[in-house]
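Student: I would like to go through this model with you and ask, for each label, what justifies it.
Tutor: Then let us set each value beside its criterion before we accept the word.

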Amino acid sequence: MNTDTGRTPLRVIVIDGDRRACDATIALCRQSGLRVNGWAHDGATGLELIESLPAAPDLVILELRLPDMDGADLLLALSMLAPATSVVICSAVCERIQDSALTLATTLGLRALGAVRKPAQAAALLAAIGDCARAGPTGLPAPRKEAPLILPVLAAAHVRDAIRNSEFELHYQPKVAVYDGALQGAEALLRWRVPDRGLLAPGSFLAQVEAMGMMDQVTMEVMRLALRDWQAWSRAGLALPLSVNLSPLSLTDPHLARQLIDAVAQACVPPAYLTFEVVEHAEVADLATALRVLTKLRLHGFGLSLDDYGAGHASMLRLARFPFSELKLDRQLVHQAWQRPHLKPLLRHAIATARELGVTSVAEGIETPEDLALLRELGCDQAQGYLVARPMPAEAMPGWHLDQLRASANLTPSRQDDQRSRVVPLRRPGPRSPTDGDRKR
């Protein structure tokens with residue numbers, strides 16, 4: 001196979017202290033249609049070579065064990081010299097160390113494409129550089145991702161004004177069945193449309209809202225917006241199960257459950273259509289109050305989801321304590337797990353745990369067909385991520401769903417079996433019993 005698609009070949013630098021292995025990698029690159037700009041047998045020479053080039057290379061293939069430095073130091077130096085450069089690790093070290101090095105590369109702002117076990121094979125190399133090859137040469141390195149805009153110090157009055165002026169709004173990201181792509185629901189994601197600043201994601205302001213003790217007011221505003229949108233969808237013929245996030249700080253309010261229950265009742269929305277997601281990475285300060293709030297919500301027919309499972313605090317203990325009906329796997333466990341072998345048993349264990357407890361498993365961060373295929377192989381119930389759809393305004397959801405239905409209807413029967421990311425008409429959620437696992441089908 002050759003990566004040449006009519007574009008200028010990708011420019012590659014190879015850094016490997018093993019001369020024979022380095023020659024073999026260079027030969028594979030050329031065989032694959034890549035342009036080898038140079039190679040080096042130690043880290044310092046490799047960095048000097050990259051610095052001497054008129055433009056940063058599209059790809060650096062490197063060994064983690066070098067005569068003059070280790071791979072961790074080489075990745076750090078490379079990230080400062082050529083930010084956002086694509087990197088493939090080609091090494092004989094164990095897969096766990098390779099995976100940690102890939103995570104380090106990503107953390108440093110490099111584009112970690114994958115790892116190839118020595119001796120390198122052409123198919124494995126091509127699989128690792130596939131995304132880079134499809135994108136084509138970059139010419140100059142892409143800039144680092146900018147940090148999210150953080151608002152200046154907020155006061156409670158700013159939040160109250162935002163609620164009064166209807167500056168908060170919700171975007172929705174669909175969730176689909178892993179097996180057949182059937183639309184299962186959507187997660188409500190908060191946005192703040194700040195005058196003169198545009199639309200801000202929660203990372204820009206939510207920590208300050210929590211710190212000033214305004215989270216309950218914002219939660220009730222989110223509920224108001226979500227219930228309003230649900231009613232509009234229902235009038236349009238789309239009865240869509242919704243997930244709404246609850247901050248662990250809100251679980252210290254003994255009146256929260258009653259406020260949520262009353263708001264839903266007044267909106268005439270069946271509780272079976274609402275699931276509250278509890279962020280997993282923060283400890284619950286008042287266990288007794290939190291248990292009372294969450295148990296009360298479950299007794300009234302709402303779903304509860306343990307969010308960010310696997311990346312936070314006391315996951316298994318919290319899963320045992322609280323009456324969750326859904327387990328949401330964190331994207332750090334899910335994304336690209338198909339090429340990170342040590343994550344597969346962790347995912348399998350989490351999904352099997354959900355199955356044995358009778359709760360729904362949902363995988364976040366599904367961005368590639370390979371991600372979805374792995375989750376299907378492991379028996380995960382639902383998928384959420386950019387491969388399915390990006391978050392969208394409420395008014396776009398019915399049209400998106402209709403487009404998916406039309407696309408599914410146009411498939412031939414043989415292709416329908418293979419097309420797992422399409423949707424089928426929604427079914428009304430069954431009533432939730434607090435004693436069963438509410439496993440969604």
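Student: How many disulfides does a search of the whole structure find?
Tutor: The model is a predicted one, and the search of the whole structure returns zero disulfides. Cys 22 can serve as an example: the nearest cysteine sulfur belongs to Cys 29 and is 9.2 Å away, whereas a disulfide requires the two sulfur atoms to be within 2.5 Å, so Cys 22 is in no disulfide.

Student: What makes Cys 22 buried, and what makes Cys 94 partly exposed?
Tutor: Buried means under 20% relative accessible area, and partly exposed covers what lies between that and 50%. Cys 22 has a relative accessible area of 0% and is therefore buried, while Cys 94, at 37%, counts as partly exposed. Asp 23, which is found in helix α1 (residues 19–31), is likewise partly exposed because its relative accessibility is 46%.

Student: How do you know that both faces of strand β12 are covered?
Tutor: In a regular strand the side chains alternate between the two faces of the sheet. In β12 (residues 326–329), Glu 326 and Lys 328 are on one side, Leu 327 and Leu 329 are on the other, and all of them are buried.

Student: Which strands pair with β12, and in what sense?
Tutor: Strand β11 (residues 303–309) pairs with β12 in the parallel sense over three bridges, and strand β13 (residues 360–363) runs parallel to β12 and is joined to it by four bridges. Since two bridges are enough to call strands paired, both cases meet the criterion. As for individual residues, Leu 327 of β12 is the bridge partner of Leu 306, and Thr 360 of β13 is the bridge partner of Glu 326.

Student: Why is the contact between Glu 326 and Lys 175 called a salt bridge?
Tutor: The closest N and O atoms of Glu 326 and Lys 175 are 3.3 Å apart, and the limit is 4 Å, so the pair qualifies as a salt bridge. Glu 326 lies in strand β12 and Lys 175 in strand β6 (residues 168–177), so the salt bridge ties together parts that are 151 residues apart in sequence. Both Glu 326 and Lys 175 are buried.

Student: What is the N to O distance for Glu 277 and Lys 328, and which strands does the pair tie together?
Tutor: The side chains of Glu 277 and Lys 328 meet in a salt bridge at 2.6 Å, N to O. Glu 277 belongs to strand β10 (residues 274–279) and Lys 328 to strand β12, so the pair ties together parts 51 residues apart in sequence. Glu 277 counts as buried because its relative accessibility is 0%, and Lys 328 is buried with a relative accessible area of 0%.

Student: Where do Glu 367 and Arg 331 lie, and are they buried or partly exposed?
Tutor: The side chains of Glu 367 and Arg 331 meet in a salt bridge of 2.6 Å, N to O. Glu 367 lies in the loop between β13 and α15 (369–378) and Arg 331 in helix α13 (residues 331–334), so this pair ties together parts that are 36 residues apart in sequence. Glu 367 counts as partly exposed at 32% relative accessibility, and Arg 331 is partly exposed with a relative accessible area of 36%. Elsewhere, salt bridges that share partners join Glu 187, Glu 277, Lys 328 and Glu 364 into one network.

Student: How do you know that the buried residues of helix α14 line one face?
Tutor: The buried residues of α14 are Leu 343, Leu 347, Ala 350, Ile 351, Thr 353 and Ala 354. Seen down the axis of α14, these residues fall within an arc of 150 degrees, so they line one face of the helix. The end C-alpha atoms of α14 (residues 343–357) are 21 Å apart, which agrees with the span of 21 Å that its 15 residues should have.

Student: What makes the pair of Trp 192 and Phe 205 edge-to-face?
Tutor: The ring centres of Trp 192 and Phe 205 are 5.2 Å apart and their planes stand at 90 degrees, so the pair is edge-to-face, given that the label applies over 60 degrees. Both Trp 192 and Phe 205 are buried, and with Phe 168 they form one aromatic cluster.

Definitions and conventions
Residues are numbered from 1 along each chain as its sequence is written. This is a predicted model: local features need pLDDT of at least 70, side-chain atom pairs count only at pLDDT 80 or more; totals for chains, interfaces and linings use all residues. Side-chain values use heavy atoms; hydrogens and water are left out. Buried means under 20% relative accessible area, exposed over 50%, partly exposed in between (1.4 Å probe, protein chains only). Helices (H or I, at least four residues) and strands (E, at least two) are DSSP runs, numbered from the N terminus. The expected span of a helix is 1.5 Å times one less than its number of residues. The arc is that of the directions from the helix axis to the C-beta atoms. Rings of Phe, Tyr and Trp (its six-membered ring) pair if their centres lie within 6.5 Å; planes under 30 degrees apart count as stacked, over 60 as edge-to-face and the rest as tilted.
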